[in-house]
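Subject: Structure handover

Dear colleague,

I am passing on the structure we spoke about, together with some notes on what was found in it. Please have the sequence and the model open while you read.

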Amino acid sequence: MLEDGFELIDTEIKMINRVLGYCGTVDLLFLKDNKLVIADWKSNIKDITGDSYGNYLLNGLETIKATTLNKYNVQLNLYKKLLESVVPIKVSNMLVVHLNSDLYLDGINVYESPDLSSVMK
């Protein structure tokens with residue numbers, strides 16, 4: 001059951017932008033308060049917030065630590081940019097939904113991705 005005000009638009013939405021040169025699949029797309037919410041499932045790594053071992057992202061994102069979560073944040077921001085280039089509705093939230101491999105101990109964690117549009121040109 002969805003929280004009040006959320007309307008499920010679609011799941012597993014395949015997108016491509018040949019001009020920008022990337023593609024991807026949005027796991028869940030919701031509408032809330034006339035704005036889009038993107039959610040992406042992640043289940044392949046036990047700890048997505050762990051240490052980047054002093055590594056940082058590249059290509060204009062050198063101030064962002066290269067954690068797995070931050071790489072997912074960039075991915076969601078690319079999805080946001082792609083969606084907003086083809087639909088007249090803005091994306092208000094981007095969520096990484098981490099399904100820990102040991103659900104009985106750690107369960108499900110939801111991380112809100114920051115808007116990186118000011119540093120992602």
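A good place to begin is the pairing of β3 with β4, two strands that run parallel and are joined by seven bridges; within this pairing, I38 has M94 of β4 as its bridge partner. Please keep in mind throughout that this is a predicted model.

These two strands belong to an open sheet of five, arranged in the order β1-β2-β3-β4-β5 with mixed pairing. The edges are taken by β1 (6-17) and β5 (108-112), and because each of them has a single partner strand, one side of each is left without a neighbour in the sheet. From one strand to the next, the twist averages 30°.

Going through the other pairings, β1 and β2 (residues 22-32) are antiparallel and share ten bridges, with D10 standing opposite L29 in β2. Between β2 and β3, which also run antiparallel, there are five bridges, and here L28 faces A39 in β3. The hairpin of β2 and β3 has two residues between the strands, and in it D33 takes a positive phi near 55°. At the other end of the order, β4 and β5 run antiparallel and are joined by five bridges, L99 having I108 in β5 as its bridge partner.

The strands can also be described by how far they are covered. In β3, six of the eight residues are buried, which leaves this strand mostly covered, whereas β5 lies largely in the open, because the number of buried residues among its five is zero.

As for the helix, T68 is a residue of α1, and it counts as partly exposed because its relative accessibility is 23%. Leaving aside neighbours within four places in sequence, T68 is in contact with I45 and I48; the C-alpha atoms of T68 and I45 are 8.6 Å apart, although 23 residues separate the two in sequence. In the loop between α1 and β4 you will find V87, which is partly exposed at 32% relative accessibility and which, together with V86 and I89, makes a nonpolar surface patch of about 220 Å².

Turning to charged side chains, the structure holds four salt bridges. One of them joins D33 and K32, with an N to O distance of 3.9 Å; D33 is exposed, with a relative accessible area of 61%, while K32, with 22%, is partly exposed. Another is formed by K42 and D40 at 3.0 Å, N to O, and both of these residues are buried.

A further salt bridge is the one between D115 and K80, whose closest N and O atoms are 3.8 Å apart. This pair links distant parts of the chain, since D115 lies in the segment after β5 and K80 in helix α1, 35 residues apart. Which residues does the network around this pair join? Through salt bridges that share partners, K80, E84 and D115 form one network. Within it, D115 is partly exposed, with a relative accessible area of 44%, whereas K80, at 10% relative accessibility, counts as buried, the cut-off for that class being under 20%.

With best wishes

How values were computed: Residues numbered from 1 in each chain as written. Predicted model: local features only at pLDDT ≥ 70, side-chain atom pairs only at ≥ 80, totals over all residues. Heavy atoms only, no water. Pairing = 2+ DSSP bridges. Helix = DSSP H or I, 4+ residues; strand = E, 2+ residues; numbered from the N terminus. Axes fitted to C-alpha atoms, helices over the stretch in contact; angles between N-to-C directions. Patch = residues over 30% accessible without salt bridge, like charges linked within 9 Å, V, L, I, M, F, W, Y side chains within 5 Å. Areas by Shrake-Rupley, 256 points an atom, 1.4 Å probe, with all protein chains shown as cover. Buried < 20%, exposed > 50% of the residue type's maximum accessible area, 1.4 Å probe, protein only. Contact = heavy atoms within 4.5 Å.
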